[in-house]
Amino acid sequence: MGSASPGLSVVSPGCLLLSPDVALRTGVEKPAVETVGPEKREWSPSPPATPEQGLSAFYLSYFNMYPEDGSWVAKVPAASAREEPLEEPEQCPVIDSQASGSSLDEHSLEQVQSMVVGEVLKDIETACKLLNITADPGDWSPGNVQKWLLWTEHQYRLPPAGKAFQELGGKELCAMSEEQFRQRAPLGGDVLHAHLDIWKSASTSEEGWTDGEVDSSCSGQPIHLWQFLKELLLKPHSYGRFIRWLNKEKGIFKIEDSAQVARLWGVRKNRPAMNYDKLSRSIRQYYKKGIIRKPDISQRLVYQFVHPV
DNA sequence: TAACAGGAAAATT
DNA sequence: AATTTTCCTGTTA
């Protein structure tokens, strides 16, 4: 795992570089990115209307900002190992990267991305719980702001800058430019600002699920559960915390938050009493229909589309 | 304890 | 009629 792979361009320990053009397109201001490749690659397969522009900036900065000494490279596998200590290599080509390096572009990159999105959002979620603050920085009280600063400083080993932002509420904080951040906190102000950006993008992409519909494609027929699941899987930036691909090519996916996925399904079908017990029963109906099955190595909350595309 | 497997039947379209 | 929901008994990790 330690060896850098050509496909994934592990630039330096702790800095996994996603396609550099992302940085250009979004004008993200990260000096750490020296590599400037002209290659082009679409960031996300989903329709263009959504806030992914902000999001790509958000990943990049997340990467470059990730602290210390190679911990990041180790972090992706480690994070998945949390739940399934022995993830099959074939289900996780991300780690399989030293092989050939040729095929490892489009698809694997996509997988890495959606995986990363999930991780980032999960991190934010846990931070929210830990600090007892909302995900949306706009709602923060001055106290919340201080908590967030403290936590971020700690996470990323930044010099303390809390008192430079005293008395500031979330609204004011969000309104501040990077320049203003740097004025208040010459050391690490830029990093703090970039992090705030991450939180902002993450919480705007969240509006989608809170009460809004999952998709506006009201095309007559009632939607099937398997279609719904694919819809969610298509939008990792919104739903990556709840459900994500383990191996998109093979159609293997994992439900990370069964309660939330069930809730969303209930919203879509106007079935407020929906829960994972019932949702999973519906999935099981697909077994004999040959639409979804359990993967060869059966794991909790992991299913596989029989005909992936 | 939560996920899993499926039978049975009601409900929804 | 097809599909999903609801409820259920029992098993597995």
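Q: Which helix gives the largest share of the surface near DNA strand B?
A: In this predicted model, that helix is H13, residues 276-289, with four residues. Near has a cut-off here: a heavy atom within 4 Å. The residues around DNA strand B include Tyr276, Arg281, Arg284 and Tyr287, along with Ser258 and Lys294.

Q: What classes of residue make up the surface near DNA strand B?
A: That surface has five charged, four nonpolar and two polar residues.

Q: Which part of DNA strand B does the side chain of Ser258 approach, and at what distance?
A: A polar contact is a pair of N or O atoms within 3.5 Å. For Ser258, a side-chain N or O atom is 3.1 Å from a phosphate oxygen of the strand. Bases are approached too: Arg281 has a side-chain N or O atom 2.7 Å from a base oxygen, and Arg284 has one 2.7 Å from a base nitrogen. Of the strand's atoms within 4 Å of the protein, 49% belong to sugar or phosphate and the rest to bases.

Q: How is the aromatic pair of Phe165 and Phe181 arranged?
A: Planes under 30 degrees apart count as stacked, over 60 as edge-to-face and the rest as tilted. Phe165 and Phe181 are tilted, with 45° between the planes and 5.1 Å centre to centre. The pair links distant parts of the chain, 16 residues apart: Phe165 is in the loop between helix H5 and helix H6, Phe181 in helix H7. Both residues are buried.

Q: Where does the charged end of Lys230 sit?
A: The end of Lys230 is over the ring of Phe305, 4.6 Å from its centre. Lys294 lies over the face of Tyr303, at 4.1 Å from the ring centre.

Key. Residues numbered from 1 in each chain as written. Chains lettered and ligands numbered in written order. Predicted model: local features only at pLDDT ≥ 70, side-chain atom pairs only at ≥ 80, totals over all residues. Heavy atoms only, no water. Polar contact = N/O pair within 3.5 Å; in protein donor to acceptor, adjacent residues only side chain to side chain. Helix = DSSP H or I, 4+ residues; strand = E, 2+ residues; numbered from the N terminus. Nonpolar A, V, L, I, M, F, W, Y, C, P; charged D, E, K, R; others polar. Phe/Tyr/Trp six-rings, centres within 6.5 Å; stacked < 30°, edge-to-face > 60°. Buried < 20%, exposed > 50% of the residue type's maximum accessible area, 1.4 Å probe, protein only. Lys NZ or Arg CZ within 6 Å of the ring centre and 35° of its normal.
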